[in-house]
Amino acid sequence: MAQCFALMGWSLPVIESMQKLNKPYVVVSFPDFEGYAKEHDIPFVSYQFDEWSDTSNSLDLYEKLKPFNADVAVPLFEETVEWAGALNSIYRGDPRVLNRAFLFRNKAMMKRKALIGGLRVGLFEEVYNKEGVKNFMKRLNQANLQIDGEQDSWVHIKPFASAGTVGHRLLRSMQDIEDKCQESDFPCLAESHLPGTEFSCEAFIHGGKIRFLNITEYVKLGYSNFIPEGHHLHSKRDKIMKEMQKLVDLFGIEYGMIHPEWFLTENDELSFGEVACRIPGGHILELCGKAYDFDALGAFVLCHDPNLSEEELKEILPPLDARPNQFYGNVMIYPHKNVINKLEIPEELKEESYFLDHNLIPPYTNQKINSREGFGNHFGTVNFKGEDPDRMTELLLHYENVDFYH
């Protein structure tokens with residue numbers, strides 16, 4: 001077992017899991033959290049993750065963590081992936097651990113590695129201005145043998161290293177490029193639109209092998225999902241498992257958890273979207289823990305420990321072939337108006353047998369809603385539990401469009 005886990009980033013649910021499991025840990029995060037940590041006896045090292053210099057680097061952080069006997073670093077958020085990779089390179093005496101961390105943080109590098117390894121990916125390119133995006137769309141149109149008058153091929157642009165949908169723009173036409181692209185978007189990755197049903201996997205890995213695989217069904221990206229996967233995706237589980245292990249082998253992932261997104265086409269082809277190695281959004285691990293009845297956040301942390309034994313793995317993870325009878329899902333709620341005054345929970349929701357609970361909070365009077373970046377600042381979630389994934393899908397789609405805030 002690790003002497004001490006260095007948790008890279010602030011997450012109270014993860015801290016609570018470590019306390020319940022009685023595992024040694026230290027939190028590494030911004031100075032803003034130091035006061036709370038001291039007040040609640042949370043082992044803490046203050047660090048500016050957004051600075052990298054001669055005096056702010058992994059060797060300096062390594063020295064600061066020595067008094068805690070830290071020997072495993074765990075990235076909780078996107079911005080701490082390189083820091084954890086650098087520390088684990090030192091702890092394991094393997095510089096390639098840091099190199100692998102860069103794969104997760106640079107989407108262009110990630111796509112090239114996937115392509116070299118034989119995964120099915122779309123066309124992609126690094127672009128530096130609007131003209132670069134237009135040229136990329138023109139080449140896509142040519143490759144798709146489009147003729148004058150037909151719709152342009154869809155193009156997605158996204159930052160190289162941001163989490164989730166932050167900075168992601170879907171461009172359906174040349175005019176979209178002109179209207180939607182800002183100078184601040186560049187440089188970035190441009191990629192072709194991937195058709196098919198989008199879903200994610202959460203693979204808990206130890207010793208380079210997948211020890212537990214969750215499949216999360218996306219009802220609508222950024223709004224709703226449920227666990228475990230519905231009947232159709234479940235029928236493809238063996239195929240998904242093989243592609244997942246191929247991804248693990250290709251990226252050289254030995255320990256931790258990865259969260260890739262895939263697209264399944266109507267003719268059963270799997271296309272690779274992208275992959276992260278930190279806690280996924282959408283409360284996925286929370287749903288996963290409820291559905292499979294285990295501490296998913298604790299398991300996420302512990303799987304980073306190379307010294308974890310087979311017995312310990314079996315204690316913290318569900319069996320590889322586990323299939324829950326109950327489905328857990330949630331819909332993330334965003335106000336539909338620019339100014340809101342009150343929260344209203346519909347009576348039909350209270351009477352719905354699948355309704356579990358919600359964490360929506362009444363707003364201030366005349367509260368203004370800021371424009372949102374990606375899908376990161378929803379007002380809360382409405383949670384459901386039930387036996388039928390098709391009914392779960394219907395409910396999540398329905399309540400995505402219900403206006404809870406007036």
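Modeller: One definition to start with: two strands count as paired if DSSP finds at least two bridges between them. Keep in mind too that this is a predicted model.

Biologist: Over how many bridges do strand β11 and strand β14 pair?

Modeller: Strand β11 (residues 224–227) and strand β14 (residues 327–333) pair over four bridges, in the antiparallel sense. To see one place along these strands, find F226, which stands opposite G329 in β14.

Biologist: Which sheet holds β11 and β14, and in what order do its strands come?

Modeller: It is an open sheet of eight strands with antiparallel pairing. The order is β13-β12-β9-β10-β11-β14-β18-β16, with β11 next to β14.

Biologist: Which are the edge strands?

Modeller: An edge strand pairs on one side only, and here that applies to β13 and β16 (355–358). The sheet also has a twist to look for: its neighbouring strands are turned by 25° against each other on average, direction ignored.

Biologist: Now the chain as a whole. Which domains does the assignment give?

Modeller: The domain assignment divides the protein chain into domain 1 (5–105), domain 2 (124–192), domain 3 (195–324) and domain 4 (329–400). For a sense of spacing, take the C-alpha centres of domain 2 and domain 3, which lie 29 Å apart.

Biologist: Next, charged side chains. What is the general idea?

Modeller: Side chains of opposite charge can pair when their charged atoms come close. A search of the whole structure finds 31 salt bridges.

Biologist: Where in the chain are the partners E78 and R105?

Modeller: E78 is in the loop between β4 (72–75) and α4 (81–92), while R105 is in helix α5 (residues 96–105). The pair links distant parts of the chain, 27 residues apart. Their side chains meet in a salt bridge at 3.6 Å, N to O.

Biologist: Are E78 and R105 buried or exposed?

Modeller: The cut-off for buried is under 20% relative accessible area. E78 counts as buried because its relative accessibility is 5%, and R105 counts as buried at 12%.

Biologist: How does the pair K134 and E131 sit in its helix?

Modeller: K134 and E131 are separated by about one helical turn, because they are three residues apart in helix α7 (residues 130–143). Their side chains meet in a salt bridge, 3.7 Å from N to O. The two partners differ in accessibility: K134 counts as buried at 15%, whereas E131 is partly exposed with a relative accessible area of 45%.

Biologist: What does the salt bridge between E274 and K158 tie together?

Modeller: The closest N and O atoms of E274 and K158 are 2.8 Å apart. E274 lies in strand β13 (residues 270–276) and K158 in strand β6 (residues 155–158), so the pair ties together parts that are 116 residues apart in sequence. Both E274 and K158 are buried.

Biologist: Which residues do salt bridges with shared partners join into one network?

Modeller: The network consists of E78, E82, R105 and R278. You have already met E78 and R105 as a pair.

Biologist: Which residues is S89 in contact with?

Modeller: Leave aside the neighbours within four places in sequence; S89 is then in contact with D94, P95, V97 and L98. S89 itself lies in helix α4 and is buried, with a relative accessible area of 11%.

Biologist: Now the backbone. Where are there cis peptide bonds?

Modeller: Look at the omega angle. A cis peptide bond joins F186 and P187, with omega about -5°. P187 lies in the loop between α8 (174–180) and β8 (188–192). The peptide bond from I227 to P228 is also cis, with omega near -5°. P228 is found in the loop between β11 and α9 (231–235).

Biologist: What is phi in H283 and in D293?

Modeller: Phi of H283 is near 60°, a positive value in a residue other than glycine. D293 is not a glycine either, yet has a positive phi of about 55°. H283 lies in the loop between β13 and α11 (284–292), and D293 in the loop between α11 and α12 (296–302).

Biologist: How accessible are H283 and D293?

Modeller: H283 is partly exposed, with a relative accessible area of 28%. D293 is exposed, at 69%.

Notes. Residues numbered from 1 in each chain as written. Predicted model: local features only at pLDDT ≥ 70, side-chain atom pairs only at ≥ 80, totals over all residues. Heavy atoms only, no water. Domains from an automatic or database assignment. Salt bridge = Lys/Arg side-chain N within 4 Å of Asp/Glu carboxyl O. Helix = DSSP H or I, 4+ residues; strand = E, 2+ residues; numbered from the N terminus. Buried < 20%, exposed > 50% of the residue type's maximum accessible area, 1.4 Å probe, protein only. Contact = heavy atoms within 4.5 Å. Axes fitted to C-alpha atoms, helices over the stretch in contact; angles between N-to-C directions.
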